[in-house]
Amino acid sequence: MVHGGEFRIETPICPACGCSLVRLGISKEEAPTYRYGGEEHLFCCEGCIDVFKTAPEEYLREVSDVVVCPVCLAEKRVEATVGLEHGGEILHFCRCPHCREEFDKNPERFVARLAG
Ligand SMILES: [Zn+2]
Ligand SMILES: [Zn+2]
Ligand SMILES: [Zn+2]
């Protein structure tokens, strides 16, 4: 998925509440889906699909600049993160230096987890 010209690791975020599905422990296979704008969107619960339907464009816009720290799985606005290149992709970390230290210990595990 390309946002603003840079390649980000795609991680599922509920477009209604902005929660990381990985953080909530919801796999792509078990997440409820709803088709909108020619795309299948993943949600954290059925209730969020109902919320989404009330203002889909607004919520998609809101969530378009939300990224997830690969280590602590916190949802952040992209401008509040530190972007680091990893394997040709940009990973967005929260500002905590500990998250980057942890990442360096086992990058592949965190990348795989983030992808859901
Ligand atoms: Zn949700
Ligand atoms: Zn929900
Ligand atoms: Zn973090």
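Q: Which pattern does the protein follow, read along the sequence?
A: Helices and strands are DSSP runs (H or I, at least four residues; E, at least two), numbered from the N terminus. Here the pattern is β-β-β-β-α-α-β-β-β-β-α-α. That comes to 4 helices and 8 strands. The radius of gyration is 14 Å, close to the 13 Å of the globule rule for 116 residues, so the protein is as compact as a globular protein of that length. The radius is taken over C-alpha atoms; the rule is 2.2 Å times the number of residues to the power 0.38.
This is a predicted model: local features need pLDDT of at least 70, side-chain atom pairs count only at pLDDT 80 or more, and totals for chains, interfaces and linings use all residues. Residues are numbered from 1 along each chain as its sequence is written.

Q: In which sense do β3 and β4 pair?
A: Strands pair if DSSP finds at least two bridges between them. Strands β3 (residues 33–36) and β4 (residues 39–42) are antiparallel, over 4 bridges. Arg35 stands opposite Glu40 in β4. The two strands form a hairpin with 2 residues between them, and Gly37 in the turn has a positive phi of about 60°.

Q: Which residues have the most contacts inside the largest nonpolar core?
A: Nonpolar side chains tend to be buried together in soluble globular proteins. A nonpolar core is a set of buried Ala, Val, Leu, Ile, Met, Phe, Trp, Tyr and Cys residues joined through C-beta atoms within 7 Å. Buried means 20 or more other C-beta atoms within 10 Å of the residue's own, placed from the backbone. The largest core has 23 residues, and Cys14, Phe43 and Cys44 have the most contacts inside it.

Notes: Chains lettered and ligands numbered in written order. Buried ≥ 20, exposed ≤ 12 C-beta atoms within 10 Å, placed from the backbone.
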